[in-house]
Amino acid sequence: MTPSPVRIAVLHFSHETVTFLKNDTTREDFIYQGSPAKGEALLKWDPKSYMGGFVKMAREFDGVELVGIESPLWPKTGTGSGWVTQDAFETFVGKMIAEIKADEPFNGVYLCLHGAMAVRGIPRPEAELARRVRETVGPNVFIAATFDPHGNEDEAFLRQADLAFTVKYFPHYDSYLQGERAARTLVRAIRGDYKPAHATVKLPIISPTVLQWTGASPWMDLVQRALVWEASEPDVYVNVFFGFPFADVPDVGMTFQVLTNDNPALAAKICRDLAETTWRQREALLTSTKVHTIPDGVALAKQAMQSRETPVVLADHSDRSGSATWLLREIISQGLSNTLIATIADRAATAKLRAQGAKAGDTFDMEIGGLVDESAGEPVRIQGTILNAVEGYGQFWVTIKFGRDNVLILSTYLVQVTEPFSLKSLGLDISAFEVMAIKSRVHFRRGFHDNGFARTILLVEPKEPFLGTVRLDKLPYENVDLSQYYPYGNPTFPG
């Protein structure tokens with residue numbers, strides 16, 4: 001028999017919001033060449049991640065039509081911006097809802113989300129988006145979503161939606177897989193082969209993202225336990241939200257969700273098992289990764305150079321603006337050579353250099369970085385020679401050689417360098433550097449650690465407890481009471 005036709009609306013709205021940054025994420029930040037996107041342009045966006053997996057799997061079913069609803073892509077500021085303005089949220093969501101209404105009926109809706117978006121005046125924006133979609137399409141249309149594990153979610157989202165699928169690994173190796181799962185299960189639900197039943201447990205544990213690397217225990221063990229449950233029980237899907245502590249929102253912290261095919265008792269059982277297992281290991285969760293002060297980290301990098309344990313990665317995990325100069329200043333102070341600094345974000349400097357027509361061979365003498373907020377420190381004067389100046393990926397990139405064969409990459413916005421060879425496009429010989437100083441928490445392990453590229457990995461942060469610090473009690477929360485979370489209070493296990 002030919003299956004009944006299925007129409008699925010596809011939406012995207014994602015941001016990982018650092019609410020402590022001073023620069024709001026505005027409507028204009030989501031508008032650039034290619035964004036917003038709709039139709040096939042939206043469906044073809046990010047083919048190796050959630051969207052790519054969802055589209056590929058959905059189109060393997062006969063009779064499935066995907067409708068790309070006009071949606072903003074990631075803002076051009078990346079993760080280097082603060083609160084999403086209510087104007088931005090209302091503008092884009094309003095257009096999405098209007099387009100859904102105009103193009104109905106639909107059998108399903110797919111929401112490609114992150115989970116750590118923070119919007120002024122809207123405490124749970126992903127759940128609010130799902131609520132408005134539900135209000136529009138009615139109770140009989142299935143809604144599925146994919147999430148980043150750093151989402152701040154609780155039971156609110158699944159009150160409105162039917163299905164959710166979250167990445168398990170950090171770095172996020174399985175986003176394509178979760179997109180495939182969302183498509184397959186959504187189509188099954190629409191055709192009556194999957195009746196979603198789910199359970200949610202919110203656990204009062206809050207942790208810095210740099211400690212959430214799933215290559216180390218007990219984070220690794222937690223992922224494995226979830227995978228065992230999925231392997232041993234058909235049609236079970238386990239979501240572990242690690243949480244994103246740099247968003248000052250009421251649903252911050254760890255959350256567990258379990259989806260089953262019409263078996264709510266099994267969902268509750270698995271959810272409680274994972275929560276209890278995690279609670280027993282809560283102390284170990286927060287001691288799984290060593291973080292050095294920047295002076296100590298740079299000194300250790302020098303020792304690694306002397307013992308030829310190179311390349312060395314110096315990962316400044318705490319820089320949330322991209323403009324912080326603490327690590328650059330210490331590299332200069334301790335006299336490191338053959339070091340690549342990728343990158344320092346300075347919107348004003350790159351705009352000035354673009355206007356001046358900066359090019360390879362030009363002399364460079366400017367103060368760069370710093371000043372955007374206290375966490376960025378003071379600007380640092382760099383004197384050297386421009387190696388390259390190019391446009392790309394919505395930014396202006398300037399590569400400067402200075403000191404003893406050091407190279408600094410100046411960018412417009414915060415850049416997390418996740419693998420070294422992407423920098424070849426700037427004309428760099430990656431093998432020439434003994435040390436690579438980058439701005440990244442864990443994602444860099446994909447291209448520097450898990451593939452064996454770097455022999456020494458050093459995570460660093462300033463002595464001062466700035467925005468991305470592991471010392472969360474130093475952050476100016478207004479919507480979060482840390483005394484209700486481990487390790488800053490003495491909460492009890494829920495239920």
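Which residues lie nearest the centre of the second largest pocket? The legends below, which describe a predicted model, begin with this view.

**View 1. The second largest pocket and its lining.** Ser 321, Ser 323, Ala 345, Arg 347 and Val 372 lie nearest the centre of the second largest pocket. The lining comprises 21 residues, and the volume is about 310 Å³. By residue class, 8 of the lining residues are nonpolar, 8 are polar and 5 are charged.

**View 2. The largest pocket and the elements that line it.** The volume of the largest pocket is about 2,000 Å³. Of the 50 residues in its lining, Asp 46, Trp 74, Gly 78, Gln 416 and Thr 418 lie nearest the centre. Strand 3 (108-113), strand 13 (380-392) and strand 14 (395-402) are the elements that give two or more residues to this lining. The largest share, 3 residues, is that of strand 13. The lining divides into 20 nonpolar, 20 polar and 10 charged residues.

**View 3. Asp 46, a residue with positive phi.** Asp 46 is placed in the loop between helix 1 (39-43) and helix 2 (50-58). Its phi is near 55°, a positive value in a residue other than glycine. With a relative accessible area of 32%, Asp 46 falls between the 20% and 50% limits and is therefore classed as partly exposed. Asp 46 is also one of the residues that lie nearest the centre of the largest pocket.

**View 4. Helix 3 and what covers it.** Helix 3 consists of 18 residues, 86-103. At 1.5 Å a residue, a span of 26 Å is expected, and the end C-alpha atoms are 26 Å apart, so the two values agree. The buried residues of helix 3 are Ala 88, Phe 89, Thr 91, Phe 92, Val 93, Met 96, Ile 97, Glu 99 and Ile 100. Their cover includes strand 1 (6-13), strand 2 (64-68) and helix 4 (125-137).

**View 5. The largest nonpolar core, with Leu 111.** This core has 66 residues, and those with the most contacts inside it are Ile 8, Phe 54, Leu 111, Val 133 and Phe 157. Helix 3 supplies the largest share of this core, 7 residues. Apart from this core lies another, of 54 residues, among them Leu 211, Trp 229, Leu 286 and Ala 315. When neighbours within four places in sequence are left aside, the contacts of Leu 111 are Leu 11, Leu 129, Ala 130, Val 133, Ile 143, Ala 144, Ala 145, Thr 146 and Phe 157.

**View 6. The cis peptide bonds that precede Pro 105 and Thr 343.** The bond from Glu 104 to Pro 105 is cis, with omega near 10°. Pro 105 is placed in the loop between helix 3 and strand 3. The bond from Ala 342 to Thr 343 is likewise cis, with omega near 5°. Thr 343 belongs to strand 11, which covers residues 339-345.

**View 7. Leu 371, a residue with positive phi.** The loop between strand 12 (363-368) and strand 13 holds Leu 371. Phi of Leu 371 is near 75°, a positive value in a residue other than glycine. The relative accessible area of Leu 371 is 58%, over the 50% limit, so this residue is classed as exposed.

Methods
Residues numbered from 1 in each chain as written. Predicted model: local features only at pLDDT ≥ 70, side-chain atom pairs only at ≥ 80, totals over all residues. Heavy atoms only, no water. Helix = DSSP H or I, 4+ residues; strand = E, 2+ residues; numbered from the N terminus. Expected span 1.5 Å × (residues − 1). Buried < 20%, exposed > 50% of the residue type's maximum accessible area, 1.4 Å probe, protein only. Contact = heavy atoms within 4.5 Å. Core = buried A, V, L, I, M, F, W, Y, C linked by side-chain atoms within 4.5 Å. 1 Å grid on protein atoms, 1.4 Å probe; cavity = no way out; pocket = protein on both sides within 12 Å on 5 of 7 lines; lining within 4 Å. Points joined across faces, edges and corners; volume = space filled by probe spheres on them. Nonpolar A, V, L, I, M, F, W, Y, C, P; charged D, E, K, R; others polar.
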